[in-house]
Amino acid sequence: MGMPVTAFYASLLGLCYLYLSASVIHIRRQEQISLGTGDSTVLQRLNRAHGNFNEYVPITLILLGCLESFSAIQWILHVGANALLFGRILHAYGLQKHNGASWQRQIGMVLTFLAMLFLCCANLYMIHYTVV
């Protein structure tokens, strides 16, 4: 049994992660910083965008995969996955382009948290009504 929806969004998010990784590497080479962030505010922001992505995406993809394994309704999977994808893109953009708070970071985090909450609730619903 495959999980094409999870595979699709994991692939798109994987490409986003590669972009964030390449951005960090580029600035490290450009500013000759091998460890930490030095005095570079650009590298601090990029490093945080990269780390924040790594903190939230894996657990949310696991939730998506679990839900898809229940043969959940397709649009429910896409709602959760799109919220995660666009939330992470907005958040990373906000961190890369702005010092301090920005509407992109705020909306990005809200979308990420909503995706996690939505997928958690959908999984709990499916467990209750399909396993019991």
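The paragraphs below lead through this predicted model, from its helices to its core and its surface. Because the model is predicted, local features need pLDDT of at least 70 and side-chain atom pairs count only at pLDDT 80 or more, while totals for chains, interfaces and linings use all residues. Residues are numbered from 1 along each chain as its sequence is written, and side-chain values use heavy atoms, with hydrogens and water left out.

A good place to begin is helix H2, which covers residues 41–69; helices here are DSSP runs of H or I with at least four residues, numbered from the N terminus. H2 has 29 residues and reaches 42 Å from its first C-alpha to its last, close to the 42 Å expected at 1.5 Å a residue, where the expected span is 1.5 Å times one less than the number of residues. H2 also has a kink of about 25° at Val 57, shortly before the proline Pro 58; this bend is the angle between axes fitted to the seven residues ending at a residue and the seven starting there. After H2 comes Ser 71, whose phi is positive, near 60°.

Another positive phi, of about 55°, belongs to Gln 32, although Gln 32 is not a glycine. Gln 32 lies in the loop between H1 and H2 and is exposed, with a relative accessible area of 73% (exposed means over 50%, buried under 20%, and partly exposed in between, with a 1.4 Å probe and protein chains only).

Turning to the interior, the largest nonpolar core has 25 residues, and among those with the most contacts inside it are Tyr 9, Phe 53, Val 57 and Leu 77. Such a core is a set of buried Ala, Val, Leu, Ile, Met, Phe, Trp, Tyr and Cys residues joined through side-chain atoms within 4.5 Å. Two or more residues of this core come from each of the helices H1 (4–31), H2, H3 and H4 (103–131), and the largest share, eight residues, comes from H3.

Charged side chains offer a further feature to follow. Side chains of opposite charge can pair when their charged atoms come close. Here the count comes to one salt bridge, a term for a side-chain nitrogen of Lys or Arg within 4 Å of a carboxyl oxygen of Asp or Glu. The side chains of Glu 55 and Arg 48 meet in a salt bridge at 2.7 Å, N to O; Glu 55 is partly exposed at 45%, and Arg 48 is partly exposed at 38%.
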